[in-house]
Structure formats: C-alpha cells, structure tokens
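Student: Got a minute to go through this one with me? I'd like to start with the aromatics.

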Amino acid sequence: MESQQRQKVRCRRARAFRVRKKVKKVGGSYPRLSVFKSNRHLSVQLVDDASGRVLCSASTMTSQMKKIFPNGKGKASAESIGRAIAESALAIGVSKVVFDRGHRAYHGLIRALADSARVAGLQF
C-alpha cells in the first residue's frame, strides 16, 4: 500500500506534468515563465525551451530583494518579483510568454505575481 506522503508527491508531479503539457501545446514558440514557490521564497525564471537556456530570472533570495523584504514571501514581494521579471524580459526584447505555474493553483501569490507582470508589460 502506498503511503500518504508518496501519494501526495505522485499527485503533485501529475498536476505539474498536466500543466506543462498544456503550456507546451499553447506556446511552443514563446519563452516559458516558470514559477517556483517554497515556504519562504518565490523565484521566477524566463526559460527558452528550444535552446534550454534561462533568459532572465528574479527571486526574493537576491540581496536587493532581501533588503526590501526580509521575510521573503508575501503579496508585496510577489508583485515586486512580477514587475522585476517583466522589466528584465522587456529589456532583452521578450514581450510574449507562456505562464507555467507548475503544480500550484492560480491564486494568492501566484496570481499576484502574474497580475503585476501583466501590468508591467508582459503578455500571456
């Protein structure tokens, strides 16, 4: 019999694969905006899947963000990370991306990050 922890991990991976499959189907030619959320921090990367390179990234773990948000996580930090990744993407000439939320639901910090990136100029 499968333990409850293993079942949770298996279901989480299945959700992430479902989301990734839809992301690849919708935006094959656009870079992927991948979000990672831990218990304390948020991290976002703009990934070009064709070449396998990270184009730019933003995180609450950088020294600049740690000065502003010492606790790491929160709605204000998510909005700040969204603005930062949008500015970095627009600086390198990327305006359209595909949003990859992983296994996370689209609410709370993930939604705040996406909304602030949209307001700052990214289209997805």
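Student: So how many aromatic pairs does the structure hold?

Tutor: The structure holds 2 aromatic pairs. Rings of Phe, Tyr and Trp (its six-membered ring) pair if their centres lie within 6.5 Å; planes under 30 degrees apart count as stacked, over 60 as edge-to-face and the rest as tilted. In one pair, Phe99 and Tyr106 have ring centres 6.1 Å apart and planes at 85°, so that pair is edge-to-face.

Tutor: Keep in mind that this is a predicted model: local features need pLDDT of at least 70 and side-chain atom pairs count only at pLDDT 80 or more, while totals for chains, interfaces and linings use all residues. Residues are numbered from 1 along each chain as its sequence is written, and side-chain values use heavy atoms, with hydrogens and water left out.

Student: Is Phe99 buried or exposed?

Tutor: Phe99 is buried, at 14% relative accessible area. Buried means under 20%, exposed over 50%, and partly exposed in between (1.4 Å probe, protein chains only). Tyr106 is partly exposed at 31%.

Student: And what about the rings of Phe99 and Phe124?

Tutor: Their centres are 5.2 Å apart and their planes at 15°, so Phe99 and Phe124 are stacked. Phe99 lies in strand β4 (residues 98-100) and Phe124 in the segment after α4 (109-119), so this pair ties together parts 25 residues apart in sequence. Helices (H or I, at least four residues) and strands (E, at least two) are DSSP runs, numbered from the N terminus. Phe124 is partly exposed, with 29% relative accessibility. Phe99, Tyr106 and Phe124 form one aromatic cluster.

Student: OK, pockets. Which residues line the largest pocket?

Tutor: The lining is Arg15, Arg18, Val19, Lys22, Val23, Val26, Val98, Phe99, Arg101 and His103. So Phe99 turns up here too. α1 (4-26) gives the most, with 6 residues.

Student: What's the chemical mix of the lining of the largest pocket?

Tutor: It divides into 5 nonpolar, 1 polar and 4 charged residues. Ala, Val, Leu, Ile, Met, Phe, Trp, Tyr, Cys and Pro count as nonpolar, Asp, Glu, Lys and Arg as charged, and the others, Gly among them, as polar.

Student: Switching topic: which residues in α4 are buried?

Tutor: In α4 the buried ones are Leu109, Ile110, Ala112, Leu113, Ala114, Ser116 and Ala117. What covers them includes β1, β2 (42-48), α3 (75-91) and β4. After α4 comes Gly121, with a positive phi near 125°.

Student: What is Ser34 in contact with, leaving aside its neighbours within four places in sequence?

Tutor: Ser34 is in contact with Ser43, Val44, Gln45 and Asp100, where contact means heavy atoms within 4.5 Å. Ser34 sits in strand β1 (residues 32-37) and is buried, at 17% relative accessible area.

Student: Last one, the whole fold. What pattern does the protein chain follow?

Tutor: Read along the sequence, it goes α-β-β-β-α-α-β-α, with 4 helices and 4 strands. The radius of gyration of the protein chain is 15 Å, close to the 14 Å that the globule rule gives for 124 residues, so the chain is as compact as a globular protein of that length. That radius is taken over C-alpha atoms, and the globule rule is 2.2 Å times the number of residues to the power 0.38. Buried residues make up 35% of the 124 residues.

Note on methods
On a 1 Å grid over the protein atoms alone, a cavity is a set of points where a 1.4 Å probe fits but cannot get out, and a pocket is an open set with protein on both sides within 12 Å along at least five of seven lines; lining residues have an atom within 4 Å of a point.
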